[in-house]
Amino acid sequence: MPLTTDSVAGAVPKAIEWVGGADGCLRLLDQTLLPTRVEYIDCDDVETVWEAIKVLRVRGAPAIGVAAAYGFCIGLRDQRQSDRSEFDAAAERVAAYLIGSRPTAVNLAWAVNRLQRAASEEPDRDSEAVWDALLAEARQIADEDAATCRRIGEHGATLIPDGGTVLTHCNAGALATSAYGTALSAMYVAHEQGKRFRVYADETRPLLQGARLTAFELQAAGIDVHVLCDNAAGALMAAGRVDLVIVGADRIAANGDTANKIGTYGLAVLAHHHDIPFYVAAPRSTFDLSLASGSGIPIEERGRDEVAAGCGRTTVPDGVSCFNPAFDVTPARLIRGIITEKGVSGAVSEAEIGEIFRNAP
Ligand code: MRU
């Protein structure tokens, strides 16, 4: 059964959805198959959720947070009849297991920790009642993500010039969130407002999230999108064909240093050189204020074959090692502003980020 479509993204299939009630399942669009095959997997055990996160069937910081929240519920479903101490011990194990699936996007741990907190705030309730509350909380995380992304889009759309061009990297769209996306949400809202603009999507080696996913969803929404090899971005900027860069984020430190898909840092350096405004779009759940700077952000390193045999063909000689970090860190000084659900920040600094969190929510 197909998932419902995202309203703003038009024909874009939903990336993630809980289907049914307490005995339901987590339905994921298998993003490893896009753009040629639109297929779903139904997860009803925590191992399937873990594997889906690990191999990027579900990916993008907010979406893996939502997936992990539902995965946490699935992993504890068999403990509903256990006594509370057994339930709580299982919760610790399931949380550690899920948090270990991918290290960089802080939304994953943020979502699981939020559910753990919800459970610990109800020490006197039985396991079944706590489990029901956890599923409700997971649904709440998913709903809040959609609403938050919509607000990010409304703020971000003000930056997109009518008749202009926007460059983006990786996929920070509806496929990476509950709905709308972060960087791409700005484009969806600008499109809804009747603005005409072109999006340049870096293909995003090695897993091609820009070519496979960003181009897929923008095309489905009727937005003019052109894909370029990552190494063409400098030439495009030098030719004066980029007005603005907007990317997503996986983790933002207290000083604004931002981890995002590998290649983002190089893009920010290029944008700075060409005096092109470079913005990061992210919900507050992507900030990790426990880290003073980006040097503390754990960077996931992935397997050699993603580089050496990426598209089903060997492109690196046997025996040659590959460097394959999934993310890099862009220093705050290269970022013109951060677009959150609270608005567009001024020059990125610890004080400015403090403002984003003042008077939460
Ligand atoms: O490895 P991925 O595909 O999970 O990386 C995704 C990104 O880097 C996104 O830009 C980021 O998570 C923001 S998604 C709104």
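In the hairpin of β8 and β9, four residues lie between the two strands, and one residue of the hairpin, G256, adopts a positive phi near 100°. This hairpin belongs to a predicted model, and it makes a good starting point for a walk through the chain. Strand β8 (residues 251-253) and strand β9 (residues 258-261) run antiparallel and are joined by two bridges. One of these pairs T258 in β9 with I252, and R251 has A259 in β9 as its bridge partner.

The hairpin is part of an open sheet of four strands with mixed pairing, in the order β11-β8-β9-β12. Each of the edge strands, β11 (287-288) and β12 (327-330), has a single partner strand, so one side of each is left without a neighbour in the sheet. Helix α9 (residues 264-273) packs on this sheet, where it touches β9 and β12, and its direction makes about 35° with that of β12. Strands β9 and β12 run antiparallel and are linked by four bridges; here K261 stands opposite F327 in β12. As a reminder, strands of a sheet pair through backbone hydrogen bonds, either parallel or antiparallel.

A second open sheet is built from seven strands in the order β6-β5-β4-β7-β10-β13-β14, again with mixed pairing. At its edges stand β6 (224-228) and β14 (343-344); each has a single partner strand, so one side of each is left without a neighbour in the sheet. Helix α5 (residues 127-157) packs on this sheet and touches β10 (278-281), β13 (337-340) and β14, with a direction about 140° from that of β13. Within the sheet, β4 (residues 165-168) and β7 (residues 244-247) run parallel and are joined by two bridges, and L167 stands opposite V245 in β7.

The ligand comes next. It is surrounded by 18 residues, of which A61, R102, D250, N260 and K261 are the closest. K261 has already appeared above, as the residue opposite F327 in β12. Several polar atoms lie beside oxygen atoms of the ligand. A polar side-chain atom of R102 is 2.8 Å from a ligand oxygen, and an N or O atom in the side chain of D250 also lies 2.8 Å from an oxygen atom of the ligand. From G60 it is a polar backbone atom that takes part, 3.0 Å from an oxygen atom of the ligand. The ligand taken alone exposes 420 Å², and the protein buries 99% of that area.

A few places in the backbone deserve a second look. Most residues other than glycine have a negative phi, and most peptide bonds are trans. C170, in contrast, has a positive phi near 65° although it is not a glycine; its place is in the loop between β4 and α6 (183-192). Two cis peptide bonds can also be pointed out. The bond from L34 to P35 is cis, with omega near 10°, and P35 lies in the loop between β2 (25-29) and β3 (40-43). The bond from R205 to P206 is cis too, with omega near 5°, and P206 is found in the loop between β5 (198-202) and α7 (209-220).

Finally, the view can widen to the whole chain, which has 11 helices and 14 strands. Its radius of gyration is 20 Å, close to the 21 Å that the globule rule gives for 361 residues, so the chain is as compact as a globular protein of that length. Along its principal axes, the C-alpha trace spans about 65 × 55 × 40 Å.

Methods
Residues numbered from 1 in each chain as written. Predicted model: local features only at pLDDT ≥ 70, side-chain atom pairs only at ≥ 80, totals over all residues. Heavy atoms only, no water. Pairing = 2+ DSSP bridges. Contact = heavy atoms within 4.5 Å. Axes fitted to C-alpha atoms, helices over the stretch in contact; angles between N-to-C directions. Near = heavy atom within 4 Å. Polar contact = N/O pair within 3.5 Å; in protein donor to acceptor, adjacent residues only side chain to side chain. Areas by Shrake-Rupley, 256 points an atom, 1.4 Å probe, with all protein chains shown as cover. Rg over C-alpha atoms; globule rule 2.2 N^0.38 Å.
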